[in-house]
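User: Could you take a close look at the aromatic side chains in this model for me? I would like to see how their rings pair up and where they sit in the fold.

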Amino acid sequence: MRVVSGELRGRRIESPVGDATRPTTDKVREAVFNALGSAGILDGATVLDLFAGTGAMGIEALSRGAQRCVFVERDRNALVTLHRNIESLGLAERSEIVQGDALGAASRDADVLIADPPYGFAGWPDLISRARAPFLVLEADSPVPAPEGWETVRERRYGRTHVTFLARASD
């Protein structure tokens with residue numbers, strides 16, 4: 001797997017051995033970040049990458065103009081790989097890696113929250129209700145409905161993956 005675009009384009013991203021981590025495909029990352037880039041959402045942003053796994057989503061955000069990324073992951077094997085990826089790409093000064101629960105971290109301050117939990121994740125309402133970020137990028141096996149106070153900005157399907165963009169509804 002490689003960084004799709006930006007300052008780190010073409011650089012390698014390691015994946016842990018086994019099937020506990022399901023990295024986002026290059027095609028999905030490219031589509032997500034092209035949309036975020038064209039909307040001007042990433043420039044100078046702080047990104048919160050929940051269920052970070054390899055860190056591919058947050059790394060792509062940093063490569064494309066985000067100022068800082070907080071990566072949250074609880075799986076020990078994924079964390080080892082995530083640390084290696086951040087170090088090898090020279091992103092340590094712009095990154096924070098948190099070992100912990102994604103739901104607990106959802107309330108951290110950020111401009112953009114990215115969540116790519118395992119398929120079948122049922123905690124979307126709880127995660128969204130905790131989110132402080134005004135813009136959410138949610139990957140799931142089906143579209144994530146916008147709860148009250150949020151609006152769906154974009155929803156696309158890429159094979160088995162559905163990506164939903166939610167923005168806080170303006171009053």
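User: To start with one residue, is Phe 121 buried, partly exposed or exposed?

Analyst: Happy to walk through it. Phe 121 is partly exposed, at a relative accessible area of 22%; buried here means under 20%, exposed over 50%, and partly exposed in between, with a 1.4 Å probe and protein chains only. Keep in mind that this is a predicted model, in which local features need pLDDT of at least 70 and side-chain atom pairs count only at pLDDT 80 or more, while totals for chains, interfaces and linings use all residues. Residues are numbered from 1 along each chain as its sequence is written, and side-chain values use heavy atoms, leaving out hydrogens and water.

Now to the rings. The structure holds three aromatic pairs; rings of Phe, Tyr and Trp (its six-membered ring) pair if their centres lie within 6.5 Å, and planes under 30 degrees apart count as stacked, over 60 as edge-to-face and the rest as tilted. In one of these pairs, Phe 121 meets Trp 124 edge-to-face, with 5.1 Å centre to centre and 85 degrees between the planes. Trp 124 is buried, with a relative accessible area of 11%. Ring pairs also bring in Phe 51, giving a cluster of Phe 51, Phe 121 and Trp 124.

Another edge-to-face pair joins Phe 135 and Phe 165, at 5.6 Å centre to centre and 70 degrees between the planes. This pair links distant parts of the chain: Phe 135 belongs to strand β5 (residues 135-140) and Phe 165 to strand β7 (residues 161-168), 30 residues apart. Phe 135 and Phe 165 are both buried.

Here is the fold around these rings. The chain has five helices and seven strands, taken as DSSP runs numbered from the N terminus (H or I of at least four residues for helices, E of at least two for strands). Along the sequence they follow the pattern α-β-α-β-α-β-α-β-α-β-β-β. The chain's radius of gyration is 14 Å, close to the 16 Å from the globule rule for 171 residues, so the chain is as compact as a globular protein of that length; the radius is taken over C-alpha atoms, and the rule is 2.2 Å times the number of residues to the power 0.38. The C-alpha atoms fill a box of roughly 45 × 30 × 30 Å along the principal axes.

As for burial across the whole chain, 48% of the 171 residues are buried. Among contacts (heavy atoms within 4.5 Å) between residues at least 6 apart in sequence, 55% join residues at least 24 apart.
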